[in-house]
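This report goes through one protein model by its elements, its charged contacts and a few distances across the chain. Please keep the sequence and the structure at hand while reading.

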Amino acid sequence: MSIIKDVDPDTYIGLGLPLEHNEGFFPRTKRIADQAQYNLINLLRTHRGDRLGNPEFGSDLWRMLFEPDENIGDSIEEEVRSVVTAFLPYIEITNIETNFTGRNTINLHITYNLSTGAAASGVIDLQFQKTLNENMSITDDEEQVVGIWT
């Protein structure tokens with residue numbers, strides 16, 4: 001990615017989230033910092049093995065979040081750092097905070113820097129929640145994502 005693309009208002013870098021069709025196009029990003037944030041969210045929210053053609057893409061966060069583990073915070077941090085290093089080497093994770101709210105909800109607060117020449121840092125908050133549906137099976141609930149750039 002080049003910082004030059006951030007300057008050109010006619011250059012789109014990638015797709016924004018959530019993917020929704022409006023005015024003939026999916027939402028698009030023009031800034032490297034915005035696209036890096038969406039790439040990080042997409043990587044962490046994708047179950048490893050779900051991406052066609054690249055079964056190693058994604059994380060095992062959903063699988064490991066609700067397993068009995070006394071060191072779950074350390075395990076989560078290790079998983080996040082590992083997949084980001086493997087798939088998004090231009091993102092440097094600087095801090096990960098884990099907060100357990102309730103029996104089935106975990107919030108992650110991730111702070112990171114970009115090494116693309118864009119000289120930006122960002123923060124995302126992800127919420128992972130599992131619920132029991134009417135068929136007595138466990139489902140993954142959507143999370144709220146907040147991104148902040150400095």
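What follows covers the overall layout, helix 2, the salt bridges, the negative patch and three distances.

**Layout**

The model is predicted, not experimental. The protein has 150 residues, and buried residues make up 35% of them. Its secondary structure consists of 4 helices and 7 strands. Read from the N terminus, the order of elements is α-β-β-α-α-α-β-β-β-β-β. Helix 1 covers 3-7 and strand 1 covers 14-15. Helix 2 is made of residues 32-45, helix 3 covers 61-65 and helix 4 covers 72-87.

**Helix 2**

How far apart are the end C-alpha atoms of helix 2, and what span should its 14 residues have? At 1.5 Å a residue the expected span is 20 Å, and the end C-alpha atoms are 20 Å apart, so the two values agree.

Helix 2 is largely enclosed by the rest of the structure, because 10 of its 14 residues are buried. The buried set starts with Ile32 and Ala33, continues with Gln35, Ala36 and Gln37, and also takes in Leu40, Ile41, Leu43, Leu44 and Arg45. Asn42 also lies in helix 2, but with a relative accessibility of 38% Asn42 counts as partly exposed.

**Salt bridges**

Side chains of opposite charge can pair when their charged atoms come close. In this model the count comes to 4 salt bridges. Three of them are set out below.

| Salt bridge | N to O distance |
|---|---|
| Arg48 and Asp60 | 3.1 Å |
| Arg48 and Glu79 | 2.9 Å |
| Glu77 and Arg81 | 3.0 Å |

Arg48 takes part in a salt bridge with Asp60. Both residues sit in the loop between helix 2 and helix 3, so this pair ties together parts that are 12 residues apart in sequence. Arg48 also forms a salt bridge with Glu79. Glu79 belongs to helix 4 while Arg48 is in the loop between helix 2 and helix 3, so here the parts tied together are 31 residues apart in sequence.

Which of these residues are buried, and which are partly exposed? Arg48, at 28% relative accessibility, is partly exposed. Its two partners fall under the 20% limit for buried residues: Asp60 is buried at 18%, and Glu79 is buried at 12%.

The pair of Glu77 and Arg81 is placed within helix 4, where the two residues are 4 apart and therefore separated by about one helical turn. Glu77 is partly exposed at 26% relative accessibility, and Arg81 is partly exposed at 29%. Elsewhere, salt bridges that share partners link Arg48, Asp60, Arg63 and Glu79 in one network.

**Negative patch**

Glu67, Asp69, Glu70, Asp74 and Glu78 form a patch of negative charge on the surface. One of them, Glu70, is located in the loop between helix 3 and helix 4. Is Glu70 buried or exposed? With a relative accessible area of 82%, Glu70 is over the 50% limit and therefore counts as exposed.

**Distances across the chain**

Three further pairs relate separation along the chain to separation in space.

Ile13 lies in the loop between helix 1 and strand 1. Ile13 is partly exposed, at 25% relative accessibility. The C-alpha atoms of Ile13 and Lys30 are 5.4 Å apart, although 17 residues separate the two along the chain.

Asn42, the partly exposed residue of helix 2 described above, is paired here with Gly58. These residues are 16 apart along the chain, and their C-alpha atoms are separated by 8.0 Å.

Phe87 is part of helix 4. Its relative accessible area of 27% makes Phe87 partly exposed. How far apart in space are Phe87 and Glu56? The C-alpha to C-alpha distance is 9.6 Å, with their positions 31 residues apart in sequence.

How values were computed:
Residues are numbered from 1 along each chain as its sequence is written. This is a predicted model: local features need pLDDT of at least 70, side-chain atom pairs count only at pLDDT 80 or more; totals for chains, interfaces and linings use all residues. Side-chain values use heavy atoms; hydrogens and water are left out. Patches are made of residues with over 30% relative accessible area and no salt bridge: like charges are joined within 9 Å, nonpolar side chains (Val, Leu, Ile, Met, Phe, Trp, Tyr) within 5 Å. Accessible areas come from the Shrake-Rupley method with a 1.4 Å probe; for residues, only the protein chains shown count as cover. A salt bridge is a side-chain nitrogen of Lys or Arg within 4 Å of a carboxyl oxygen of Asp or Glu. Lys and Arg count as positive and Asp and Glu as negative; His and the chain ends are not counted. The place of a charge is taken as NZ of Lys, CZ of Arg, CG of Asp or CD of Glu. Buried means under 20% relative accessible area, exposed over 50%, partly exposed in between (1.4 Å probe, protein chains only). The expected span of a helix is 1.5 Å times one less than its number of residues.
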